[in-house]
Amino acid sequence: MAPSVRLRRVGFAAVALASVFLLSACNPSGNAAEDFSGLPVAEEAEPIDVDPEAGGEVDDASEEEVEGPEWDSDSGEPQVAWWEQGGQIAMVVFGSSTCPTVGQQIRTLEKAGEGNRVAIDLVQRPETEICTQDLVPHTTVFWTPTDVTTTEPLVVEVAGNELTIPIK
């Protein structure tokens, strides 16, 4: 076989393999994107590009986008909200500061148009683990699964609770 044909085949195989890796990076795995102690704090909102002919300014942003969702730090119940303009879902669970309740994985139960429902699995901690008896928030952020939508209410099942995130 001529060296140029072999080189082309190897090059083609390399391009195909690189494409598979790049395309798989576009589909979130379902694992947590990040987790941290405390409540999430909204960054300053990105400007919304509105139609200047309709009397809007390019830097108009709704107060909800600037401030982010309101978290109830007194309820002690799990809470969820759209994050990063719907690209992520933030979950806050209250528990021990030394043994935080952390989200492990998000799974789609019903796709958009069929119910728009997900479940978040929590990391299982050993029953013999010694933890403090305080109640503090812990946040886990997940990438929004590709088969759910922000244009329908999203039902989230977590820790035996059924929570609904309103339309974004």
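Is Asp 121 buried, exposed or partly exposed? Select Asp 121 to begin: the residue is partly exposed, with a relative accessible area of 22%. The model on display is a predicted one, and the tour proceeds from this residue to its sheet, then to the nonpolar cores and an aromatic pair.

**First stop: the salt bridge of Asp 121**

Keep Asp 121 selected and add Arg 107. The two residues form a salt bridge, with their closest N and O atoms 2.9 Å apart. Arg 107 belongs to strand S4 and Asp 121 to strand S5, so that the pair links distant parts of the chain, 14 residues apart. Arg 107 counts as partly exposed, at 36% relative accessibility.

**Second stop: the open sheet**

Next, display strands S4, S5, S7 and S8 as a cartoon. They make up an open sheet of four strands, in the order S4-S5-S7-S8, and the pairing is mixed. Strand S4 (103–110) and S8 are the edge strands, each of which pairs on one side only. From one strand to the next, the twist averages 25°. In general, the strands of a sheet pair through backbone hydrogen bonds, either parallel or antiparallel.

Now restrict the view to S7 and S8. These strands run antiparallel and are joined by five bridges. Select Glu 157 and look across to S8, where Glu 162 is its bridge partner.

**Third stop: a salt-bridge network**

How many salt bridges does the structure hold? There are five. Select Glu 129 and Arg 125, whose side chains meet in one salt bridge at 3.0 Å, N to O. Glu 129 is partly exposed, with a relative accessible area of 31%, and Arg 125 also counts as partly exposed, at 34% relative accessibility. Then select Glu 110, Arg 117, Glu 157 and Glu 162 together: salt bridges that share partners join these residues into one network.

Within that network, centre the view on Glu 110 and Arg 117. Their salt bridge has its closest N and O atoms 3.7 Å apart. Glu 110 is partly exposed, with a relative accessible area of 31%. Arg 117 has a relative accessibility of 18%, and because the cut-off for buried is under 20%, it counts as buried.

**Fourth stop: the nonpolar cores**

Hide the charged side chains and select Met 91, Ile 120, Leu 154, Val 156 and Ile 165. Of the 16 residues in the largest nonpolar core, these touch the most other members. The elements that give two or more residues to this core are strands S2 (79–83), S3 (88–95), S5 (117–122), S7 (154–158) and S8 (161–165). Another core lies apart from it; this one has seven residues, among them Ala 81, Ala 90, Val 92 and Val 141.

Return to Ile 165 and show its surroundings. Leaving aside neighbours within four places in sequence, Ile 165 is in contact with Val 80, Ala 81, Trp 82, Ile 89, Pro 153, Leu 154 and Val 156. In soluble globular proteins, nonpolar side chains tend to be buried together.

**Last stop: the aromatic pair**

Finally, select Trp 71 and Trp 83. A search of the whole structure finds one aromatic pair, and these two residues form it: the pair is tilted, at 6.4 Å centre to centre with 55° between the planes. Trp 71 lies in the loop between helix H2 (63–67) and S2, whereas Trp 83 lies in strand S2, so the pair ties together parts that are twelve residues apart in sequence. Both Trp 71 and Trp 83 are buried.

Key:
Residues numbered from 1 in each chain as written. Predicted model: local features only at pLDDT ≥ 70, side-chain atom pairs only at ≥ 80, totals over all residues. Heavy atoms only, no water. Core = buried A, V, L, I, M, F, W, Y, C linked by side-chain atoms within 4.5 Å. Buried < 20%, exposed > 50% of the residue type's maximum accessible area, 1.4 Å probe, protein only. Contact = heavy atoms within 4.5 Å. Phe/Tyr/Trp six-rings, centres within 6.5 Å; stacked < 30°, edge-to-face > 60°. Pairing = 2+ DSSP bridges. Axes fitted to C-alpha atoms, helices over the stretch in contact; angles between N-to-C directions. Salt bridge = Lys/Arg side-chain N within 4 Å of Asp/Glu carboxyl O.
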